[in-house]
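Visitor: Hi, can you walk me through this one? I'm new to reading structures, so plain words please.

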Amino acid sequence: MEESKTSSRYRSLLIGFLILDLIAFTLLAVAYFWNGDIGDQEIRYEDAELVFDDLSGQKVIPSGEPVGIYLKTDGVMVVDCGEVETAQGEICSPCNGLIQTGDYITAVNGTAISTKKELMQALSGNITGAVRLTFLRDGKSQVAEVTPVKTNKNSYMLGLWVKDDISGIGTVTFLCGNQFMALGHSVSDNDTGLKISSTGGGIYTTHITKINRSFVSMPGQLQGTILYKKDLIGIVEGNYDNGIGGYLDEEYVAKHYKAAEAMYIADPDEVQTGEAYIYSRLDGDLKKYKINILAVHTDTANKNMEFKVEDEDLIALTGGVCQGMSGSPIVQNGKLIGAVTHVLVDDPTEGYAVFIENMIK
């Protein structure tokens, strides 16, 4: 047993792992500010609350459908604090020690902001002295007074790198009615690795145009087109530790999943090593790819299963597991057991998956 533990530790250090998509969003496209009614149709669930308390007695539909995902940050996210050159040629860092990576700026001098543009506009006026920045840190509201620096371009800067949205391709794991969960892990910022605090977002249809296969030390990725402002098919209600959740348009679900296979969710105790299948709709049609579950871990929050892709068709198509497949459902013995979350860097035919139960907790 000791030899096995040592081998496992060595293997983990040797190969490491890569969270698929780290937001796993592999196609970063031009995204538009989320206002709840993007697209030709409106999808609104104003009084809805995404709740999956107990699905043990309900059947769900494994999806495997790649979709475009857009999230709006809860305020303007600070990616980094840097230095600014003043009009006199001096170098300073206005926010050093006051604002830090991972903060979310929500107001300037008491005026609420939610976009980079609004932040820039708030700093574009005639500024004399410090401005009050209201920001969220670890979910708690704080205030800091910062003196913007006037540059040689006659503009005022805080020395902050910021973002207000994030977008790309991910995979839907399952549907319960028109509610969905996807990804199998949270959407994180690819610059900082921090989980995004989001006010919501949209789900869009996507057409996979190219699949870059995975190779050793070089995970591949799905590439596709996402027509933002046109192909809205759902909304994102929340960004959770083990996935995102929300609602798809009822007409879309009725049209595309009318004849889809439904099944129960497996309890973690039912999951076992051996044969299982990844469900995928990369080209629109459902395909089932054989994998072998190598180990099952019930004492971890997300890396609950180690698996190896056995299906030669999937290996030929993607190299095994590639970025954008995060969230792909895994089925064993006629039950939905988990979702793909990681690929191993030194062997892209191997990866990790999370229990569905841990996704919906």
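Guide: Sure, and keep in mind that this is a predicted model. Let's start with Lys195, which is partly exposed because its relative accessibility is 37%, between the cut-offs of 20% and 50%.

Visitor: What does the side chain of Lys195 meet in a salt bridge?

Guide: That would be Asp241, at 3.0 Å from N to O. The two sit in distant parts of the chain, 46 residues apart. Asp241 is in the loop between β16 (232-240) and β17 (243-248), while Lys195 is in the loop between β13 and β14.

Visitor: And is Asp241 buried or exposed?

Guide: Asp241 is exposed, with a relative accessible area of 56%.

Visitor: Why would side chains pair up like that?

Guide: Side chains of opposite charge can pair when their charged atoms come close.

Visitor: OK, how many salt bridges are there?

Guide: The count comes to 10. Another one joins Asp191 and Lys163, at 3.2 Å from N to O. Asp191 lies in the loop between β13 (179-182) and β14 (198-212) and Lys163 in strand β12, so this pair ties together parts 28 residues apart in sequence.

Visitor: Which of those count as buried or exposed?

Guide: Asp191 counts as exposed, at 55% relative accessibility. Lys163 counts as buried, at 13%.

Visitor: Got another pair for me?

Guide: Yes, Lys335 and Glu270, whose closest N and O atoms are 2.8 Å apart. Lys335 is in strand β22 (residues 335-344) and Glu270 is in the loop between α3 (250-256) and β18 (274-280), so the salt bridge ties together parts 65 residues apart in sequence. Lys335 is partly exposed at 25% relative accessibility, and Glu270 is partly exposed too, at 35%.

Visitor: Which residues do salt bridges with shared partners join into one network?

Guide: Lys163, Asp189 and Asp191.

Visitor: Switching topic: how much space lies in the largest pocket?

Guide: About 310 Å³. Three elements each give two or more residues to its lining: α2 (116-122), β11 (156-157) and β12 (160-176).

Visitor: How many residues line the largest pocket, and which lie nearest its centre?

Guide: The lining has 15 residues, and Met120, Met157, Gly159, Leu160 and Trp161 lie nearest the centre.

Visitor: How do the lining residues divide into nonpolar, polar and charged?

Guide: There are 10 nonpolar, 3 polar and 2 charged residues in the lining of the largest pocket.

Terms used. Residues are numbered from 1 along each chain as its sequence is written. This is a predicted model: local features need pLDDT of at least 70, side-chain atom pairs count only at pLDDT 80 or more; totals for chains, interfaces and linings use all residues. Side-chain values use heavy atoms; hydrogens and water are left out. On a 1 Å grid over the protein atoms alone, a cavity is a set of points where a 1.4 Å probe fits but cannot get out, and a pocket is an open set with protein on both sides within 12 Å along at least five of seven lines; lining residues have an atom within 4 Å of a point. Grid points are joined across faces, edges and corners, and a volume is the space filled by probe spheres set on the points. Helices (H or I, at least four residues) and strands (E, at least two) are DSSP runs, numbered from the N terminus. Ala, Val, Leu, Ile, Met, Phe, Trp, Tyr, Cys and Pro count as nonpolar, Asp, Glu, Lys and Arg as charged, and the others, Gly among them, as polar. A salt bridge is a side-chain nitrogen of Lys or Arg within 4 Å of a carboxyl oxygen of Asp or Glu. Buried means under 20% relative accessible area, exposed over 50%, partly exposed in between (1.4 Å probe, protein chains only).
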